[in-house]
Amino acid sequence: QVQLVESGGGLVQAGGSLRLSCAASGSIGSIHAMGWYRQAPGKQREFVAVITNGGRTKYADSVKGRFTISRDNAKNTVYLQMNSLKPEDTAVYYCNAEIRRIAYITYRDYWGQGTQVTVSS
């Protein structure tokens, strides 16, 4: 069994910062990419940022220059530092990871339960 647990969401004023964390635990053999997605009310879930186990990163255009993704491979944890937050960043943020379980060959996607980020104007 594998679990992803997010933390760090909350309410912040526009221009403020938040740091999200997501820790993977369980029978983990190896982790490839880890990333963040978000879903605002009435909208589809959208990509925010991703980082590979080698440290390569990719960001959605809407967050470039404001958000920074990083990871601690020893802790199986990914972070999202969010600066200069805007009201349009309000959403439930979900952690995603490509994980190969111990004794398995293939990778599959796992998702966290989501953490609410609310940015007030």
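## Exercises on charged side chains and a disulfide

E6 is buried (under 20% relative accessible area, with exposed meaning over 50% and partly exposed in between, for a 1.4 Å probe and protein chains only) and yet has no salt bridge, the nearest side chain of opposite charge being that of R45 at 7.7 Å. A salt bridge here requires a side-chain nitrogen of Lys or Arg within 4 Å of a carboxyl oxygen of Asp or Glu, and for charge Lys and Arg count as positive and Asp and Glu as negative, while His and the chain ends are not counted.

The model is predicted, so that local features need pLDDT of at least 70 and side-chain atom pairs count only at pLDDT 80 or more, whereas totals for chains, interfaces and linings use all residues. Residues are numbered from 1 along each chain as its sequence is written, and side-chain values use heavy atoms, with hydrogens and water left out.

**Exercise 1. Find which backbone nitrogens the side chain of E6 reaches.**

Step 1. Locate the residue: E6 belongs to strand β1, residues 2–7, where strands (E, at least two residues) and helices (H or I, at least four) are DSSP runs numbered from the N terminus.

Step 2. Look for polar contacts, meaning pairs of N or O atoms within 3.5 Å, of which, within protein, one must be able to donate a hydrogen and the other to accept it, residues adjacent in sequence counting only if both atoms are side-chain atoms. A polar atom of the E6 side chain lies 3.0 Å from the backbone nitrogen of Q113, and the E6 side chain reaches the backbone nitrogen of G114 at 2.7 Å.

Step 3. Widen the search to contacts (heavy atoms within 4.5 Å): leaving aside neighbours within four places in sequence, E6 touches, among others, W36, C22, C95 and T115.

**Exercise 2. Trace the network of salt bridges that contains D89.**

Step 1. A search of the whole structure returns four salt bridges. One of them joins E46 and R38, at 2.7 Å from N to O; E46 is partly exposed at 36% relative accessibility, whereas R38 is buried at 6%.

Step 2. R38 also meets D89 at 3.0 Å, N to O. This pair links distant parts of the chain, with R38 in strand β4 (residues 28–39) and D89 in the loop between β8 (77–82) and β9 (91–101), 51 residues apart.

Step 3. D89 in turn forms a salt bridge with R66 at 2.7 Å, N to O. Because R66 sits in the loop between β6 (57–59) and β7 (67–72), and D89 in the loop between β8 and β9, the pair ties together parts that are 23 residues apart in sequence. D89 is buried at 0% relative accessible area, and R66 is buried at 10%. Through shared partners, R38, E46, R66 and D89 are thus joined into one network.

**Exercise 3. Describe the disulfide of this structure and the placement of its cysteines.**

Step 1. The whole structure contains one disulfide, defined by a pair of cysteine sulfur atoms within 2.5 Å; C22 is joined to C95 with an S to S distance of 2.1 Å.

Step 2. The angle of -80 degrees about the S-S bond makes the link of C22 and C95 left-handed.

Step 3. The two cysteines belong to distant parts of the chain, 73 residues apart, with C22 in strand β3 (residues 18–26) and C95 in strand β9. Both C22 and C95 are buried.
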